Amino acid sequence: MKKKISFIIEIIIGIIFICFGYFVIDTDYYSTLFYAMGFGLAFASCVQLLKIYYYEMPKNKEKLENINRENHINSVDERKQYLRMKAGHVTYQIMTFSLLILSLILALVRVEVWIIAMIFLLFVLQWLVGVIAFHMLEKRM
């Protein structure tokens, strides 16, 4: 039941968003936005609940045990931990250069300044989070 309660809460929040978008907000754009967010949240939570119910069925217990065993092995395996860290590092580098190049391209095509500033600030935020995370992990290990 502990696994299910969070998804039930998400479904309720999704239904509230749907009702809010459908009945409360008069503007088309924002009502559609809330309606879509609510539907997406409720639908995704329903799918997760169905997945939990599927694996809780007695005939599927063995499948669940195999999945749990494989997940445990993957979380403990040093090679897979290294590969996850390496993938995170490569992704960090790619996104850093992508944000810089995107801000340069947008500056060259004369997009509004606030859009360029927002993308550049995302680059700065990503760099800061990377540095802070590195120092925190360095102290912990």
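In the predicted model described here, Phe-17 counts as partly exposed, because its relative accessibility is 27% and the partly exposed class lies between the limits of 20% for buried and 50% for exposed. This residue is placed in helix H1, which spans residues 2-24. When residues up to four places away in sequence are not counted, Phe-17 touches Phe-34, Tyr-35, Met-37 and Gly-38. For one of these partners, Met-37, the C-alpha atom is separated from that of Phe-17 by 6.9 Å, although the two residues stand 20 residues apart along the chain.

A contrasting setting is found for Ser-45, a residue of helix H2, which comprises residues 28-56. Ser-45 has a relative accessible area of 1% and is therefore buried, the limit for that class being under 20%. With residues up to four places away in sequence again left out, the contacts of Ser-45 are with Phe-7, Glu-10 and Ile-11. Since helix H1 covers residues 2-24, these three partners of Ser-45 belong to the stretch of chain that forms H1.

Attention now turns to a second pair of helices, H4 and H5. Two packed helices are described by the angle between their axes and the distance between the axes. Helix H4 (residues 78-108) packs with helix H5 (residues 113-140) at an angle of about 160°, and their axes are 9 Å apart. Because angles over 145 degrees count as roughly antiparallel, H4 and H5 are roughly antiparallel to each other. The crossing in which H4 passes H5 is left-handed.

On the H4 side, the residues that meet H5 are Tyr-92, Met-95, Thr-96, Leu-99, Leu-100, Leu-102, Ser-103, Leu-106 and Ala-107, while H5 contributes Ile-115, Ile-116, Ile-119, Phe-120, Leu-122, Phe-123, Gln-126, Trp-127 and Gly-130. Sorted by class, this contact of H4 with H5 contains 14 nonpolar and 4 polar residues, with no charged residues.

The largest nonpolar core, with 5 residues, is made up of Leu-99, Leu-106, Ile-116, Ile-119 and Phe-123. At least two residues of this core are supplied by each of H4 and H5, and H5 gives the most, with 3 residues. Within the core, Ile-119 touches Leu-99 and Leu-106, and its contacts also include Leu-102 and Ser-103, not counting residues up to four places away in sequence. In soluble globular proteins, nonpolar side chains tend to be buried together.

How values were computed. Residues numbered from 1 in each chain as written. Predicted model: local features only at pLDDT ≥ 70, side-chain atom pairs only at ≥ 80, totals over all residues. Heavy atoms only, no water. Axes fitted to C-alpha atoms, helices over the stretch in contact; angles between N-to-C directions. Helix = DSSP H or I, 4+ residues; strand = E, 2+ residues; numbered from the N terminus. Parallel < 35°, antiparallel > 145°, perpendicular 65-115°, else oblique. Left-handed = near helix turned anticlockwise from the far one by under 90°. Contact = heavy atoms within 4.5 Å. Nonpolar A, V, L, I, M, F, W, Y, C, P; charged D, E, K, R; others polar. Buried < 20%, exposed > 50% of the residue type's maximum accessible area, 1.4 Å probe, protein only. Core = buried A, V, L, I, M, F, W, Y, C linked by side-chain atoms within 4.5 Å.
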